[in-house]
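Okay everyone, thanks for coming. Let me put the structure up and then walk you through what caught my eye.

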Amino acid sequence: MKRLVLLAVALCVVLTGTMAHAGKIEDIKARGALVCGVKDSTVPFGFIDEQTKQIVGFDIDICKAVADKLGVKLELKTVTSATRIPMLTQGSVDMVAATMTHKFERDDVIDFSITYFMDGQKLLVKKGGGVKSAADLKGKKVATAKGSTSEKNIKAAQPDATVVSFDEYPQAFLALKQGKAEAVTTDSTILLGLRNSDPEPDKWEIVGDYISPEPYGLGLAENDSKFRDLVNRTLVDLWNTGEYVKIYDKWFGKDTKYYLPLTWKMETWPY
């Protein structure tokens, strides 16, 4: 009897060790789906299509490419700037593609892919309202999203401004339109999406020099190099085959409402 107990304990140890060392790739393939955390109100990265009522956007297409690489379906879960890292660390999502800037302080909690999109933080203001840079926000209110790098960056760039934070950027833009803030600050492409989605885009303008660079990375769970390598290989393959440019032009090309010339190159590694 004692021997059977010892064998059972040994088996539990082996199984526990196997489970502990099972990587994300194995989990995803066993599930048959890659669960990707994306935003649903950040045009054109992730938003609800009015006709299909489905979440679409640049980040969703990047997630789809990773899912295809794994040979599984894509499942989407909505995240915000404040919830995306907790949802990843808690295992609610396998990967986050949500306009997330790669910062060392975040790298202490999660891992990141190589940069898959490059941007910089600016201001969206009312045209002719007198705000041209962060210096003009002294003693004024500026709106942004909770948990974003923009929230910290604007406080550093203009300590005398009052930062008002919202769950989502459309709420911040609404505050600007209602006169409850003098500016919205975040990455210029997100501001472009807000401005050009408005019924009267010409009332608003994006101003100022870059407050900070914003290199976007895909958020990944800590210490799973095999999954990180697969994601990075997918991104490099997209770039080298020209598929990345096709996805980029789909959302930011000349024929879109959100035209933004592709002026940077992805860091690619030799095969």
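**A quick tour of the model**

So, β3 and β4 pair in the antiparallel sense, over two bridges. One spot to find there: Ile-48 stands opposite Ile-55 in β4. Zoom out a little and you get an open sheet of three strands, in the order β2-β3-β4, with antiparallel pairing. The edges are β2, residues 41–42, and β4, residues 55–56, and each of those pairs on one side only.

Before I go on, remember this is a predicted model. Mean pLDDT for the chain is 91, and 92% of the residues reach 70 or more. The part to be careful with is residues 1–21, where pLDDT stays under 50 and the model has zero contacts beyond four places in sequence. Where pLDDT is low, you shouldn't read the predicted coordinates in detail.

Okay, back to β3, which also turns up at the largest pocket. That pocket holds about 280 Å³ of space. It's lined by 14 residues, and the closest to its centre are Val-43, Phe-47, Ile-48, Glu-50 and Tyr-258. Which elements give two or more residues to the lining? Those are β3, residues 46–48, and α10, residues 243–252.

Now the inside. The largest nonpolar core has 56 residues, and Phe-58 and Tyr-244 have the most contacts within it. Helix α3, residues 58–70, gives the most to this core, with eight residues. If you click on Tyr-244 and skip its neighbours within four places in sequence, its contacts include Phe-58, Ile-62, Tyr-116, Phe-117, Trp-239 and Trp-264. There's also a second, separate core of 11 residues, with Ile-85, Leu-88, Ala-98 and Phe-112 among them.

Last stop, strand β10. Why do I call it largely enclosed by the rest of the structure? Because five of its five residues, 183–187, are buried. As for its partners, strand β7, residues 111–126, pairs with β10 in the antiparallel sense over four bridges. In that pairing, look for Lys-122, whose bridge partner in β10 is Thr-186. Then there's strand β8, residues 141–145, which runs parallel to β10 and is joined to it by two bridges. Ala-143 is the one to look for here, standing opposite Val-184 in β10.

That's my tour. Happy to rotate it if anyone wants another look.

Key:
Residues are numbered from 1 along each chain as its sequence is written. This is a predicted model: local features need pLDDT of at least 70, side-chain atom pairs count only at pLDDT 80 or more; totals for chains, interfaces and linings use all residues. Side-chain values use heavy atoms; hydrogens and water are left out. pLDDT is the predictor's confidence in each residue, from 0 to 100. Contact means heavy atoms within 4.5 Å. Buried means under 20% relative accessible area, exposed over 50%, partly exposed in between (1.4 Å probe, protein chains only). Two strands pair if DSSP finds at least two bridges between them. A nonpolar core is a set of buried Ala, Val, Leu, Ile, Met, Phe, Trp, Tyr and Cys residues joined through side-chain atoms within 4.5 Å. On a 1 Å grid over the protein atoms alone, a cavity is a set of points where a 1.4 Å probe fits but cannot get out, and a pocket is an open set with protein on both sides within 12 Å along at least five of seven lines; lining residues have an atom within 4 Å of a point. Grid points are joined across faces, edges and corners, and a volume is the space filled by probe spheres set on the points.
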